[in-house]
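Reader: I'm new to reading protein models, and I'd like a close look at one single spot. Could you pick a residue and walk me through what surrounds it?

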Amino acid sequence: MQWIVPTQNPTWLFIFYVVVALLFNSFYTAVNLPYTALTPELTQDYDDRTKLNSFRFSFSIGGSILSLLLAQAIFGLIPNSGAVPMARGDRCDRISPPCFYLCLGHPSPLSVHAAISRNHTTAAPINC
């Protein structure tokens, strides 16, 4: 969607990019809001929350830098021509769905264990 511009008309381009920006920001909020709200749920201690956020941001920034370096290495393999942006977009379109499936389709054992233990600790006792 970002690689193929639908028209050259400035009015329709403006509308197109407003819609793309709204969709992108909506999905970004749907992912990032629970991710950000998770830290206070993990601990009530201020220092522990600070450590968790430092750890989270370290991996976030490190992952971003690593992905930029990896993209440069992969895109360096494509010969220079006018089709480079389209080839890059095509490669990204092929790589992203499996990554998305791996992240959402397979929860980690730690998250499953946390959900199970939370249900056991918050459940009301059964009176016999």
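Author: Let's start with Thr39, which counts as buried because its relative accessibility is 6% (buried means under 20% relative accessible area, exposed over 50%, and partly exposed in between, using a 1.4 Å probe and protein chains only). Before going on, a word on the ground rules: this is a predicted model, where local features need pLDDT of at least 70 and side-chain atom pairs count only at pLDDT 80 or more, while totals for chains, interfaces and linings use all residues. Residues are numbered from 1 along each chain as its sequence is written, and side-chain values use heavy atoms, with hydrogens and water left out.

Where does Thr39 sit? You'll find Thr39 in helix 1, which covers residues 10-42 (helices are DSSP runs of H or I with at least four residues, strands are E runs of at least two, and both are numbered from the N terminus). Setting aside neighbours within four places in sequence, Thr39 is in contact with Arg49, Leu52, Asn53 and Arg56 (contact means heavy atoms within 4.5 Å). With one of these, Asn53, Thr39 also makes a side-chain to side-chain polar contact at 3.4 Å. That term means a pair of N or O atoms within 3.5 Å; within protein, one must be able to donate a hydrogen and the other to accept it, and residues adjacent in sequence count only if both atoms are side-chain atoms.

Now zoom out a little. Thr39 belongs to a group in helix 1, together with Tyr35, Thr36, Pro40 and Leu42, that meets Arg49, Leu52, Asn53 and Arg56 in helix 2. Helix 2 spans residues 46-75, and the two helices pack at an angle of about 145°, their axes 9 Å apart (axes are lines fitted to C-alpha atoms, for helices over the stretch in contact, and angles run from 0 to 180 degrees between N-to-C directions). Arg56, one of the partners of Thr39, has another thing going on: its charged end sits over the ring of Phe57, 4.6 Å from the ring centre. To count, NZ of Lys or CZ of Arg must be within 6 Å of the ring centre and within 35 degrees of the ring normal.

Elsewhere in helix 1, things look different for accessibility: Phe24 is exposed, with a relative accessible area of 52%, and Tyr28 counts as partly exposed at 46%. Tyr17, also in helix 1, is partly exposed too, at 38%.

And the whole chain? The protein chain has four helices and zero strands, and buried residues like Thr39 make up 8% of its 128 residues.
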